[in-house]
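Welcome, and please open the viewer for a short walk through this structure. At each stop you will find something to select and a note on what is there.

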Amino acid sequence: MERLHYDLTSFEHVPLFKNQDLEEGFFLCVIHANKVPPHLGISINGKFFSSKAKGKDLNIPIDRIVQVLRKKMIAGLFVKLNPSLVSEENVNRVFNLLPSGIEGEQTCLGPIRELVGAPESVEHIGDLLAYLESDESIIERITLNLPTGFKGIPWYSLTEIKQRIEFLKNDKGRKNTP
């Protein structure tokens, strides 16, 4: 049996048909949802934010992110969350204070965990989603380009996250985009 951080088969989800479905509201964005580890960001009212190995995304139109995902057939999961969890001002504040690139023990999950008030014990996307479910903060799950037979977010360790961050920091030939 496949070990998963988040079993998507347990929940109803809808495919993304129109980019406009992501224009309003607060979303947890799981990019490369079928990879180990996936990349996490958030979108609030059509603007995407994420902390990356070599930088950060601030106020990127979600349309541009979805356009890249569609063009490159990248698997995405967009979890619509209760908008009362955050404000645009707080999202801007938290991401503007981040260094330009992940440092030390930080991961792309860190600023999101801070924004939603999740405890430090939340170390993986599965932990975060379980926390948000227990808080009844999840409104809807929207999917894009999921491969046939996709069951959920694959299991990964903190070591694999750190290895991926180091690889991306040292990779000279790639542009670090979602």
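In which sense do strands β3 and β7 pair, and over how many bridges? Select residues 76-81, which make up β7, together with β3: the two strands run antiparallel and are joined over six bridges. One pair to pick out is I31, whose bridge partner in β7 is G76. Keep in mind along the way that this is a predicted model.

**Stop 1: the other neighbour of β3**

Now add β4, residues 39-44, to the selection. This strand also pairs with β3 in the antiparallel sense, over six bridges. Look for F26, which has I44 as its bridge partner in β4, and for C29, which stands opposite G41 of β4.

**Stop 2: β3 by itself**

Select residues 26-31. Is this strand enclosed or open to the outside? Six of its six residues are buried, so the rest of the structure largely encloses β3. Turn the strand to see its two faces: one side carries F26, L28 and V30, the other F27, C29 and I31, and all of these are buried.

**Stop 3: the whole sheet**

Widen the view to the strands together. Seven of them form an open sheet with mixed pairing, and the order across it is β2-β8-β7-β3-β4-β5-β6. At the edges you will find β2 (14-15) and β6 (55-61), each of which pairs on one side only. Next, show helix α1, residues 62-72, which packs on the sheet and touches β3, β4, β5, β6, β7 and β8. The direction of α1 makes about 105° with that of β6. Helix α4 packs on the sheet as well, touching β3, β4, β7 and β8, and its direction makes about 140° with that of β8.

**Stop 4: the nonpolar cores**

Select L28, V30, I42, V91, L128, L129 and I153. In the largest nonpolar core, which has 39 residues, these touch the most other members. At least two residues of this core come from each of β3, β4, β7, α2 (88-97), α3 (110-116), α4 (125-134) and α5 (158-170). The largest share is that of α4, with four residues. Apart from this core lies another, of 15 residues, including F27, V66, I142 and L144.

Zoom in on L129 for a moment. What does L129 touch, leaving aside residues up to four places away in sequence? Its contacts there are Y6, L28, V79 and I138.

**Stop 5: the salt bridges**

Side chains of opposite charge can pair when their charged atoms come close. How many salt bridges does a search of the whole structure find? There are three, and you can visit each in turn.

- Select D57 and K52, whose side chains meet in a salt bridge at 3.1 Å, N to O. D57 has 8% relative accessibility and so counts as buried; K52, at 10%, is buried too.
- Select E120 and R113, where the closest N and O atoms of the salt bridge are 3.7 Å apart. E120 counts as exposed at 63% relative accessibility, whereas R113 is buried, with 15%.
- Select R141 and E133, a salt bridge with its closest N and O atoms 3.4 Å apart. R141 is buried, at 10% relative accessible area, while E133 counts as partly exposed at 26%.

Key:
Residues are numbered from 1 along each chain as its sequence is written. This is a predicted model: local features need pLDDT of at least 70, side-chain atom pairs count only at pLDDT 80 or more; totals for chains, interfaces and linings use all residues. Side-chain values use heavy atoms; hydrogens and water are left out. Buried means under 20% relative accessible area, exposed over 50%, partly exposed in between (1.4 Å probe, protein chains only). Two strands pair if DSSP finds at least two bridges between them. A salt bridge is a side-chain nitrogen of Lys or Arg within 4 Å of a carboxyl oxygen of Asp or Glu. A nonpolar core is a set of buried Ala, Val, Leu, Ile, Met, Phe, Trp, Tyr and Cys residues joined through side-chain atoms within 4.5 Å. Contact means heavy atoms within 4.5 Å. Axes are lines fitted to C-alpha atoms, for helices over the stretch in contact, and angles run from 0 to 180 degrees between N-to-C directions.
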